[in-house]
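Reader: I would like a close look at one part of this model, a single helix together with its surroundings, and then a careful account of how the neighbouring parts of the structure are arranged. Please take the time to connect the pieces.

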Amino acid sequence: MRATLGFLALRALAAGPSYGYAIIGDLEQHGFGTIKGGTLYPLLTRYETAGLVVTEWRAGDGGPGRKYFALTDHGRAELARLSADWQRFADTSIRYLDPERPTKETSQ
Amino acid sequence: MTRTGTPDTSTDKKWFDELVLELRLQQVNGKAIGDTVASARELLADTGQSAEDAFGPAREYASSLELPRAPQYEWMRTALWPAMVGLLAFLLFTQAAAAWALSDLLLFSPAQLALLSAPVVAIALLPLYLAALVRRIWAVVALVVFGGLAGFLASVVAPTTRADAWLALDPVPWLVGCALVMVALSILLTVRSRRPGSGDEIIDPLADVSAGSSLGARVGMLVTNWMFPLFSLIMLGLTSLFR
């Protein structure tokens, strides 16, 4: 999960700028469980440093202010690259794990 | 998903204090610390979790963020060296003031000089143990006791006659020289601290004002910058009574 959380978090921003709690909620809603702030924020901070996302503080409406994260062009390109890599890996894994796949006899 | 309000427990306050301390120790700038604190508060307000539950131990969380840090030796140049020079000047000033009050020469023995230099060396080596020091209150107490003890023992082993002394100096030039060094240093620190952003205060990203720019903080900074000249003046006033 930790290995994939990076591009999953980028994917959560693909639709537009979002904030920590909404990103956690989106991932939870799609079956990835509840991600802790201590896991998500360091990731987003590293992405900000790497130029994959930019941030903007917006005043809260009766609540706390919100830090919005938005994908940069570099972030979108990275998301596309990581998604393609993952797709290839997933396809290969599925083919390999297929019980119908003929298995090779191993000699002693 | 609902917002459950900001938890405001003493445990969370301790966690945030630790987080700020750890980030300061990492030489992270005030703006980035303010941003980190506000982000954490935002999520806690949304989830209703405690800081420890949401982010884990403050020290580990601070480390995991990998925020950009100031050059390692920057604080040594701006804070450590002035403090060390100021302390050295102050220690020499007190010795010279005592000799001046007694209309005597400034007498030194090797043991006395070694004991006087001990607190200066302890400050010079601060980068090696600063993190351990701020995390353990007993270590701070031990350091203060060490400094006080070194000063006391230095006065015990101070030579009483010129024949016992290794060095015998006219106290007045040392008194004036040390006073000038302390005042010059305080002026330099005051000018530096008045530059915008020089204090590296923690900045709330939404308020966009520094949390440490209150009148109390400014007065505190001024007193700190002029601490050695102030103590020296008090010292001189007290020793003048015996002259």
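Author: What follows begins with one helix of chain B and then moves outward to the contact between the chains, a helix pair, some loops and a sheet.

The model is predicted, and the values below are computed from it. Helix α4 of chain B runs over residues 58-65, and its buried residues are A58(B), Y61(B), A62(B) and L65(B). These four lie on the same side of α4(B), because they cover an arc of only 100° around the axis. As for what this buried side meets, its residues pack against α3 (37-49) of chain A, and also against α1 (10-25), α2 (30-47) and α3 (51-55) of chain B, so that α4(B) has packing partners in both chains. Just after the helix, E66(B) takes a positive phi of about 50°.

The contact between the two chains gives this helix its wider setting. The contact takes 23 residues from chain B and 18 residues from chain A. On the side of chain B that touches chain A, the elements that give two or more residues are α2, α3 and α4 of chain B, and the largest share, nine residues, comes from α2(B). By class, that side of chain B has 13 nonpolar, five polar and five charged residues.

Elsewhere in chain B, a helix pair can be described in similar detail. α5(B) and helix α11 (residues 227-240) of chain B pack at an angle of about 10°, with their axes 10 Å apart, and the two helices are therefore roughly parallel to each other. From α5(B) the contact is made by G86(B), A89(B), F90(B), F93(B), T94(B), A97(B), A98(B) and A101(B), while α11(B) contributes F228(B), F231(B), S232(B), M235(B), L236(B), T239(B) and S240(B). The residues of this contact divide into 10 nonpolar, five polar and no charged.

Positive phi values also appear in the loops of chain B. Most residues other than glycine have a negative phi, which is the background for the next two cases. Q27(B), in the loop between α1 and α2 of chain B, has a positive phi near 65°, and this residue counts as partly exposed because 16 C-beta neighbours lie inside 10 Å. S103(B), which is not a glycine either, has a positive phi of about 50° and is placed in the loop between α5 (74-101) and β1 (106-108) of chain B; with 8 other C-beta atoms within 10 Å, S103(B) is exposed.

A further loop of chain B, between α8 (137-156) and β2 (167-169), holds V157(B), which is partly exposed, with 15 other C-beta atoms within 10 Å. Leaving aside residues up to four places away in sequence, V157(B) touches S109(B), A111(B), Q112(B) and L115(B). The C-alpha atoms of V157(B) and P110(B) are separated by 9.3 Å, although the two residues are 47 residues apart along the chain.

Chain A, finally, contains an open sheet of three strands in the order β1-β3-β2, with antiparallel pairing. Its edge strands are β1 (18-19) and β2 (53-58) of chain A, each of which pairs on one side only. Strand β3 of chain A, residues 66-71, pairs with β2(A) in the antiparallel sense over six bridges, and within β3(A) the bridge partner of W57(A) is K67(A).

How values were computed
Residues numbered from 1 in each chain as written. Chains lettered and ligands numbered in written order. Predicted model: local features only at pLDDT ≥ 70, side-chain atom pairs only at ≥ 80, totals over all residues. Buried ≥ 20, exposed ≤ 12 C-beta atoms within 10 Å, placed from the backbone. Arc of directions from axis to C-beta. Contact = placed C-beta atoms within 7 Å. Pairing = 2+ DSSP bridges. Nonpolar A, V, L, I, M, F, W, Y, C, P; charged D, E, K, R; others polar. Axes fitted to C-alpha atoms, helices over the stretch in contact; angles between N-to-C directions. Parallel < 35°, antiparallel > 145°, perpendicular 65-115°, else oblique.
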